[in-house]
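Have the sequence and the model side by side. The walk below goes from a sheet to the DNA, then to the cysteines and the model's confidence.

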There are 2 protein chains.
Amino acid sequence: MNRHDPRMSPKIVDVARTAGVSTATVSRALTAPGKVSAKTRAIVMAAVEETGYIVNHAARNLRRQQTGGIVVLVPNLSNPFFSQILSGIASVLSGAAFNVLIADTQQPKGADRQIIQYLHNNRADGLIVLDGGLPEHIFGNGDRQARPPAIFACEWIEGSEKLSVTIDNVAGAAMAIDHLVQLGHSRIGHVMGPPDNVLTIRRQEGTTAALERAHLPVRREWYFEGDFSLPSGVRAAKAWLALRDRPDAVFCSSDAMACGFMSELHRHGVRVPDDVSVVGFDDIEIAEHFIPTLTTIHQPRTTIGETAARMLLARINGGEDPVQSIRLPVDLVVRESTSAPRIA
Amino acid sequence: MNRHDPRMSPKIVDVARTAGVSTATVSRALTAPGKVSAKTRAIVMAAVEETGYIVNHAARNLRRQQTGGIVVLVPNLSNPFFSQILSGIASVLSGAAFNVLIADTQQPKGADRQIIQYLHNNRADGLIVLDGGLPEHIFGNGDRQARPPAIFACEWIEGSEKLSVTIDNVAGAAMAIDHLVQLGHSRIGHVMGPPDNVLTIRRQEGTTAALERAHLPVRREWYFEGDFSLPSGVRAAKAWLALRDRPDAVFCSSDAMACGFMSELHRHGVRVPDDVSVVGFDDIEIAEHFIPTLTTIHQPRTTIGETAARMLLARINGGEDPVQSIRLPVDLVVRESTSAPRIA
DNA sequence: CAATTGAATGTAATCGATTACAAGCAGCAT
DNA sequence: ATGCTGCTTGTAATCGATTACATTCAATTG
């Protein structure tokens, strides 16, 4: 039994022995200091220090019927959009002594079965779901599985009663369109996210509504399919270039697509904003430094993550009552990629 | 006791009862199918199906003296550079039935103490460390703490004996410089990463060595301080602009800095590559779509993550012998941001 | 046919912390 | 002095799965 052997690390009984008290007292001194006299507490703490004791989580969790972990379900981990949100989540959760487990829902490997395992409450005490594309039934509790509380963040499942932290996508899209309208644009296109995605739908609604409000044409061939990714922005640009009758301003449903769009236009000698104005959505870091810098709808990603984490904690600790879904505001950030149309 | 109560989910004894066997047999059927007759196995599996049994990890881990989790120590989670690596790690690890826990080492909250908790082996069965800036002693085993095996990925601690998955930073930097030299540049600058960082040091070594090999000047005022971030690239550009005698080609130690650099130059009417050639490092997704598209050193981030994860698994499962540190190759990707100097 | 072997299964100890319950004890009122 | 209250502390059951050890039983061998 060398020093790497887990069995050699001190147990609660070792602390109890050095402190000359029972294990119950040690446990109480550590987790409910009020239940122990000041003197004993000091003795116990000294013994903890001396032995180098660290609680065994498996044992604690088993006894307490919890897991000490929160699972974050991320659609496509490699998308940097989520890193900022994860950061917000992690900052709150590790402060609260929870482990943050991440799982990629797009992972091909027997995804369904594996995710369902994560949903079971002996794997996590709570879930934060960033993927609105999962089948709703896996969150249901129609069967014998005990499910931990879950919070949606960014995306959500339409009609689900679960709590969520979202932004006002309809308003965000409308702000983008209104900005273009105010600049004098009347021929406005839209690069959409992946079909069926809630964000895509809401932003599209906001776009269409704002166009109609301004009495501008809503033309189907000016709504380009995308999937939020850079390459899909490139594809949208190709589609734009292929049109005979082109919009002179385009609202892209993500900054990544906006960058891909502008990049491809540039390759073909089309200038932004001189020939086309472009608005993005998200305000990712590069937006401020792209050439041209990108006008976009800012969403507070770190705050989204933090808020979702705090909400989940409230749900886990407190009762079910006080917690409410939250919709965070967005704002328009005007930069260089938009200007008045060339021929006013 | 409603259906949300954890106590209502089926235990191994419930399965044993429905199957008409002992708990030992159920356990064996599930984890060591070979030790059980085919017939019993089938019966047990049916019972598992019927009851909807899912193993309780806390109990299993307690008994097996493991945690079922791997901790990834990330410096600054919000840096999208790491998302790709995390993705590689997660794909391998969740396939191997390990939980992936993430911890941000830059988290201000009592960082030291908290990270050390993660290093203890009752929190994780292994570590993947992406931060080379941690004090080495926390990995040491000079004290009574039992430490789980750890693997460095990307960064590492100089002189540490821990295994690592890295790329050839010296060669990468040299490739960047050689490329500029071949284009005919003789006045070459370098935007560095954060001081003391291993990557900064190696890439700087590679840069200096390649310049000397080409008999070109190595000028201290052409080495700009940075920290891998976009804004630091902007700052470097400001420093470049402030020089009277400027390099006409610059190798940036990260793509983010290269983008910030180019962006700021563009704001001041300096054109890339016409006035300055720029090379980056990393080949992040935007590199291919920036304006101009960025010449850079490609590093295989997903592969780095996967490799580190597989190495760690080998270390955990097998003995200590066969596993070796790995250095992955990098390649130069030539794009638009570099060209021959204006006045050859 | 008795003895031996090995595969399949069962019994019960075990992992380490938490906590229900019991007990001890000082202080105080009657 | 007796009994009561309330604060500390201890004893031992408990969480749920794994596995060392014991047992059963059929097959094989001399």
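Why is S9(B) largely enclosed by the rest of the structure? The reason is burial: 6 of the 6 residues of S9(B) are buried. Buried means under 20% relative accessible area, exposed over 50%, and partly exposed in between, with a 1.4 Å probe and protein chains only. Strands here are DSSP runs of E with at least two residues, helices are runs of H or I with at least four, and both are numbered from the N terminus.

A word on conventions. This is a predicted model, in which local features need pLDDT of at least 70 and side-chain atom pairs count only at pLDDT 80 or more, while totals for chains, interfaces and linings use all residues. Residues are numbered from 1 along each chain as its sequence is written, chains are lettered from A and ligands numbered from 1 in the order in which they are written, and side-chain values use heavy atoms, with hydrogens and water left out.

Now place S9(B) in its sheet. Chain B has an open sheet of 6 strands, ordered S7-S6-S8-S9-S10-S12, with mixed pairing. Two strands pair if DSSP finds at least two bridges between them. At the edges stand strand S7 (223-224) and strand S12 (331-333) of chain B, each pairing on one side only. Strand S8 (residues 249-252) of chain B runs parallel to strand S9 (residues 277-282) of chain B, and 3 bridges join them. Among the bridge partners, B:Ala249 goes with B:Ser277, and B:Val250 goes with B:Val278. In general, strands of a sheet pair through backbone hydrogen bonds, either parallel or antiparallel.

Turn to chain A. An open sheet of 6 strands appears there too, in the order S7-S6-S8-S9-S10-S12 and with mixed pairing. Strand S7 (223-224) and strand S12 (331-333) of chain A have a single partner strand each, so one side of each lacks a neighbour in the sheet. Strands S8 (residues 249-252) and S9 (residues 277-282) of chain A are parallel and share 3 bridges. One of the pairs joins A:Ala249 to A:Ser277 in S9(A).

Next, the DNA. There are 27 residues around DNA strand D, and A:Thr25, A:Thr40, B:Ile12, B:Arg60 and B:Arg63 come nearest. A residue counts as near if one of its heavy atoms lies within 4 Å. Of the strand D atoms that come within 4 Å of the protein, 60% belong to sugar and phosphate.

Individual polar contacts (N or O atoms within 3.5 Å) fill in the picture. A polar backbone atom of A:Ser22 is 2.9 Å from a phosphate oxygen of DNA strand D. For B:Ile12, a backbone N or O atom lies 2.4 Å from a phosphate oxygen of that strand. A:Gln65 uses a polar side-chain atom, 3.3 Å from a sugar or linking oxygen of DNA strand D. Helix H2 (23-31) and helix H4 (57-64), in chain A and in chain B, each give two or more residues to the surface near the strand. H2(B) supplies the largest share, 5 residues.

What about the cysteines? The structure holds 0 disulfides over all chains, a disulfide being a pair of cysteine sulfur atoms within 2.5 Å. The sulfur of A:Cys259 is 9.0 Å from its closest cysteine sulfur, in A:Cys252, which is too far for a bond. A:Cys252 counts as buried, at 0% relative accessibility. A:Cys259 is buried as well, also at 0%.

Last, confidence. pLDDT is the predictor's confidence in each residue, from 0 to 100. Chain A has a mean pLDDT of 91, and 92% of its residues reach 70 or more. Over residues 1-7 of chain A, pLDDT stays under 50.

Notes. Contact means heavy atoms within 4.5 Å. A polar contact is a pair of N or O atoms within 3.5 Å; within protein, one must be able to donate a hydrogen and the other to accept it, and residues adjacent in sequence count only if both atoms are side-chain atoms.
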